Amino acid sequence: MSYVVLPREILPADGRFGCGPSKVRNEQLDALSGPGRVLLGTSHRQAPVKNLVGRVRSQLSDLFRAPTGYEIIVGNGGSTAFWDAAAFGLIERRAQNLVFGEFGSKFAGAAKAPWLEAPDVREVTAGTRTAAEPVEGVDVYAWPHNETSTGVTAPVKRVHGDEGALTVIDATSAAGGIDFSASEADVYYFAPQKNLGSDGGLWFALVSPAAIERIERIAASGRYIPEFLSLKNALDNSRLNQTLNTPALTTLYLLENQLEWITSHGGLQWADARTRESSGALYEWAEASPVATPFVTNPAERSPVVVTIDFDESVDAAAIAASLRSNGIVDTEPYRKLGRNQLRVATFVSIEPDDVRQLIRSIDYTLERL
Ligand SMILES: *Cc1c(COP(=O)(O)O)cnc(C)c1O
């Protein structure tokens with residue numbers, strides 16, 4: 001394979017454009033090896049780490065402008081563990097799962113648990129989305145705020161189904177990068193290695209009073225729930241600023257730094273404007289390009305944080321991604337299972353809009369010469 005050597009003046013300052021784990025800012029790493037040094041390698045049952053968990057919980061509440069009674073809970077295992085935890089401790093009888101890509105599909109898989117009724121799975125073609133529809137007997141409505149595998153975003157909007165039915169949103173790649181109204185969801189859960197610029201291993205969820213009530217009720221119902229996947233256990237531990245077992249302290253530390261950074265710049269509104277600026281530059285470029293086109297055809301469904309760009313047959317997108325990689329511009333490959341002639345670019349809040357503009361120059365330069 002041949003690679004194009006990019007001139008220095010068009011290279012982004014930071015070449016990380018992957019969708020997760022994604023760019024961690026240098027300032028976060030400096031803080032980790034500076035003040036963070038005294039924290040790493042110390043007990044998660046003592047005040048310094050518990051206080052860190054407490055600060056992360058309250059900063060997340062502030063970032064999301066959490067309505068009264070909403071709480072941040074945390075557990076180990078990332079968003080994938082949360083799907084199983086939800087099957088055990090959040091879905092009472094039946095979920096409705098919107099599937100417009102890999103991640104929505106994985107939660108639908110977890111919702112097929114033998115103790116539940118088969119989920120009402122609403123699947124649509126990749127690159128589009130569908131909306132929830134109230135159905136009698138459904139007590140959880142679930143979809144991703146941002147489908148990372150396709151670059152489709154869906155609004156966070158409460159579903160008014162049966163009384164007490166919960167709206168449960170996978171915000172793993174959206175949290176901290178797309179503005180939304182927290183009162184429109186009962187559970188807004190995520191792992192922090194995407195927009196929140198941290199590392200993996202933990203899940204967090206903003207939960208409403210109705211969701212808390214549901215968690216308590218199912219936990220008291222006698223249903224078998226493994227301790228590691230118990231949301232009641234996570235709720236009780238979170239209120240004490242701890243987790244059932246050892247959390248990744250690095251992940252917590254990097255997350256706190258990122259939350260301070262977003263807040264100091266103006267919070268979720270600032271982050272939203274910044275990701276829209278970055279993604280907008282890419283969509284605009286693709287629309288004007290003779291060989292590229294946004295994969296998501298409806299502009300209203302295009303993600304501000306994960307941009308997917310299709311190329312026509314005259315271009316080998318994999319060769320572009322490989323050539324960019326040889327210049328230190330990494331992880332622009334599409335989601336593997338999607339199998340398209342495509343580039344996928346994260347425009348998370350940590351990524352500088354100027355670096356996205358440099359990336360566009362680098363892609364153009366590569367296209368002309370490959
Ligand atoms: C990355 C991602 C996940 C998986 O997160 P893990 O922490 O690796 O389990 C789930 N949902 C969405 C939308 C994602 O982007």
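Begin with the seven-stranded sheet of this predicted model. Select β1, β9, β8, β7, β4, β2 and β3, in that order, to walk across the sheet, which is open and has mixed pairing. At its edges lie β1 (71-76) and β3 (120-123), each of which pairs on one side only. On average, neighbouring strands here are turned by 20 degrees against each other, direction ignored.

Within this sheet, select residues 140-144 and 166-170. These are β4 and β7, which run parallel and are joined by five bridges. Which residue of β7 is the bridge partner of Y141? The partner is T167.

Next, select residues 78-89. This is helix α3, which lies across β1, β7, β8 (187-190) and β9 (202-207). Relative to β9, helix α3 runs at about 55 degrees.

Now turn to the ligand and display its surroundings. There are 13 residues around the ligand, and T80, T148, D170, Q193 and K194 come nearest. Three polar distances can be displayed in turn. For T148, an N or O atom of the side chain is 2.4 Å from an oxygen atom of the ligand. For S79, the partner is a polar backbone atom, 3.3 Å from a ligand oxygen atom. For T172, an N or O atom of the side chain lies 3.5 Å from a nitrogen atom of the ligand.

From the ligand, proceed to residues 209-219 and 231-239, which are helices α5 and α6. Their axes come within 8 Å and cross at roughly 125 degrees. The two helices α5 and α6 are therefore oblique to each other. To view the contact, show I212, I215, E216 and A219 of α5, which meet L231, K232, L235 and R239 of α6. The residues of this contact comprise five nonpolar and three charged, with no polar ones.

The tour ends at a three-stranded sheet. Select β10, β11 and β12, which form an open sheet in that order with antiparallel pairing. The edge strands are β10 (292-294) and β12 (342-346), each pairing on one side only. Neighbouring strands of this sheet are turned by 30 degrees against each other on average, direction ignored. Between β10 and β11 (residues 306-311), the antiparallel pairing extends over three bridges. One position to label is T293, whose bridge partner in β11 is D310.

Finally, add two helices to this view. Helix α8 (residues 267-288) lies across β10, β11 and β12, and runs at about 15 degrees to β11. Helix α9 (residues 317-326) lies across β11 and β12, running at about 45 degrees to β12.

Methods: Residues numbered from 1 in each chain as written. Predicted model: local features only at pLDDT ≥ 70, side-chain atom pairs only at ≥ 80, totals over all residues. Heavy atoms only, no water. Pairing = 2+ DSSP bridges. Helix = DSSP H or I, 4+ residues; strand = E, 2+ residues; numbered from the N terminus. Axes fitted to C-alpha atoms, helices over the stretch in contact; angles between N-to-C directions. Contact = heavy atoms within 4.5 Å. Parallel < 35°, antiparallel > 145°, perpendicular 65-115°, else oblique. Nonpolar A, V, L, I, M, F, W, Y, C, P; charged D, E, K, R; others polar. Near = heavy atom within 4 Å. Polar contact = N/O pair within 3.5 Å; in protein donor to acceptor, adjacent residues only side chain to side chain.
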